[in-house]
Structure formats: C-alpha cells, structure tokens
Amino acid sequence: MLRSLVAISVLISTVPSVAACHGLSLPHEAVIVRPFAPVGRFGGHWGVDVAAAPGSDVRAIGAGTVSFAGSVAGRRSVTIDHGGGLRTSYSYLAGISAEVGRTVAPGSPIGTAGVHDGTSAFHLSLRIGTTYVDPLVLGWCSDVPEPALWLATASHEYPVVRDRN
C-alpha cells in the first residue's frame, strides 16, 4: 500500500505543465528511431532522433523565433526560442531554410532532413532553461485540461542537467 502511494505521489518536475508547453507538440506520426539517453554530464544522446526521408521538410513543433541557424561541429542545425525558457533544436539537417530572427508558426518548414549515424532522421532536442529534457514529454502536453497535476513513477535513472560551454 505504501509503495503504491509513493508511486502515485512522485511528481516529475521535468514534465512541463500545459501552460509551459507553449503549444509545442510532436506530430502524432513521429517515429523515434533513437531515444533520449544522456550519460553523465557530457556524454550520451541529449535528444531524440526522428525518422524522416532525406530531403523531406523538417517542421517547427511550435511557434517561436529562430535564434540560431547554421553549423555546429560541422552539422547543420536550427534552434527556435519558444519563450518561457523553452528552446528546441533540430540537427543533422541536409539544408536550412530558416533565418535567424524569423518568427515561425507551428509546422513551418525550417530545413530538410538528412542522415544521422546512417539513419534517415533528424535530431530534436528540447531545453527548459539550461536543462535538456526528453522531447517525448511533449506528448503529455496535448489534450490535458489546465491546471494539470502530473503524477507518475520515475522512469529514468540518468541526470537531466548538462553543462554548456
């Protein structure tokens, strides 16, 4: 009984409330080919890889302002600032169509998909402030009345904070 109460009462602090989601949501048809799996402070995989045919449009998952469009470590990337400390980044792009300072609507094309580690996919990361979180938490943002109380058991043993240089 106590174990059940503890499991029910665990509040996941990295799950954004509906208000904090700012209209961000992954497309229902998104197929994740590599999950969020950070290791330590600097290693691992700090986002998810989403299957996409090479050359197909990569679209913004929410409204915001393009804060970066260029190359990071030789890889084409776009970052969108959604306000409220939320930023999404899209990497391993074959091409970039977004421009820094441009306002984008949900579903706006920002680039084209490339190949990541031999897989037709692009990399999507989500930051809340300086903390990277699993973009799949956005699946919890839709169809939930406000205010929402998120209760669940903890499902990951890895850290969610990553220092940035």
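**A core, an aromatic cluster and a few single residues**

In this predicted model, the largest nonpolar core takes in 27 residues, and those that touch the most other members are Ile 80, Tyr 90, Ile 110, Phe 122 and Leu 124. Several strands feed into this core: S4, S7, S8, S10 (109-116), S11 (119-128) and S12 each give two or more residues to it. Phe 122 shows what such a spot looks like in detail. Setting aside neighbours within four places in sequence, Phe 122 is in contact with Val 48, Asp 49, Val 50, Ala 52, Val 58, Tyr 90, Ser 91 and Leu 93. One name on that list, Tyr 90, is itself among the core residues that touch the most other members.

Stepping back to the whole chain, the protein has 1 helix and 12 strands. Read from the N terminus, the order begins with α and then carries on with β through to the end. Of the 165 residues in the protein, 36% are buried. As for the contacts between residues at least 6 apart in sequence, 65% of them join residues at least 24 apart. The accessible surface comes to about 8,900 Å², and carbon and sulfur atoms account for 58% of that.

Next come the aromatic rings. The structure holds 3 aromatic pairs. In one of them, Phe 36 and Trp 46 have ring centres 6.3 Å apart and planes at 85°, so this pair counts as edge-to-face. Phe 36 sits in the loop between strand S1 (32-34) and strand S2 (37-39), while Trp 46 sits in the loop between strand S3 (43-45) and strand S4 (48-51), so the pair ties together parts that are 10 residues apart in sequence. Both Phe 36 and Trp 46 are buried. Trp 46 also pairs with Tyr 132, again edge-to-face, with 5.8 Å from centre to centre and 70° between the planes. Tyr 132 belongs to strand S12 (residues 131-133) and Trp 46 to the loop between S3 and S4, so here the pair ties together parts that are 86 residues apart in sequence. Tyr 132 is buried, just as Trp 46 is. Put together, Phe 36, Trp 46 and Tyr 132 form one aromatic cluster, with Trp 46 taking part in the pair with Phe 36 and in the pair with Tyr 132.

Ser 89 is a polar residue to look at alongside the core. Ser 89 lies in strand S8 (residues 86-96), and its relative accessible area is 8%, so it falls under the 20% cut-off and counts as buried. The side chain of Ser 89 makes a polar contact of 2.8 Å with the side chain of Thr 79. Apart from neighbours within four places in sequence, the residues in contact with Ser 89 are Val 78, Thr 79, His 123, Leu 124, Ser 125 and Arg 127. Thr 79 thus turns up in that contact list as well as in the polar contact, and Leu 124 is one of the core residues named at the start.

Arg 75 is found in strand S7 (residues 75-83). With a relative accessible area of 43%, Arg 75 is partly exposed, because that value lies between the 20% and 50% limits. Although Arg 75 and Leu 93 are 18 residues apart along the chain, their C-alpha atoms are separated by 7.2 Å. Beyond its neighbours within four places in sequence, Arg 75 is in contact with Gly 70 and Tyr 92.

Thr 103 has its place in strand S9 (residues 103-104). At a relative accessible area of 61%, Thr 103 is over the 50% mark and therefore counts as exposed. Thr 103 and Gly 64 are 39 residues apart in sequence, yet their C-alpha atoms are 5.7 Å apart in space. Leaving out neighbours within four places in sequence, Thr 103 is in contact with Gly 64 and Thr 65.

Last come the charged side chains. Side chains of opposite charge can pair when their charged atoms come close. The structure holds 1 salt bridge, in which the side chains of Asp 57 and Arg 59 meet at 3.2 Å, N to O. Asp 57 is partly exposed, at 42% relative accessibility, and Arg 59 is partly exposed too, with a relative accessible area of 41%.

Definitions and conventions:
Residues are numbered from 1 along each chain as its sequence is written. This is a predicted model: local features need pLDDT of at least 70, side-chain atom pairs count only at pLDDT 80 or more; totals for chains, interfaces and linings use all residues. Side-chain values use heavy atoms; hydrogens and water are left out. Helices (H or I, at least four residues) and strands (E, at least two) are DSSP runs, numbered from the N terminus. Buried means under 20% relative accessible area, exposed over 50%, partly exposed in between (1.4 Å probe, protein chains only). A polar contact is a pair of N or O atoms within 3.5 Å; within protein, one must be able to donate a hydrogen and the other to accept it, and residues adjacent in sequence count only if both atoms are side-chain atoms. Contact means heavy atoms within 4.5 Å. Rings of Phe, Tyr and Trp (its six-membered ring) pair if their centres lie within 6.5 Å; planes under 30 degrees apart count as stacked, over 60 as edge-to-face and the rest as tilted. Accessible areas come from the Shrake-Rupley method with a 1.4 Å probe; for residues, only the protein chains shown count as cover. A nonpolar core is a set of buried Ala, Val, Leu, Ile, Met, Phe, Trp, Tyr and Cys residues joined through side-chain atoms within 4.5 Å. A salt bridge is a side-chain nitrogen of Lys or Arg within 4 Å of a carboxyl oxygen of Asp or Glu.
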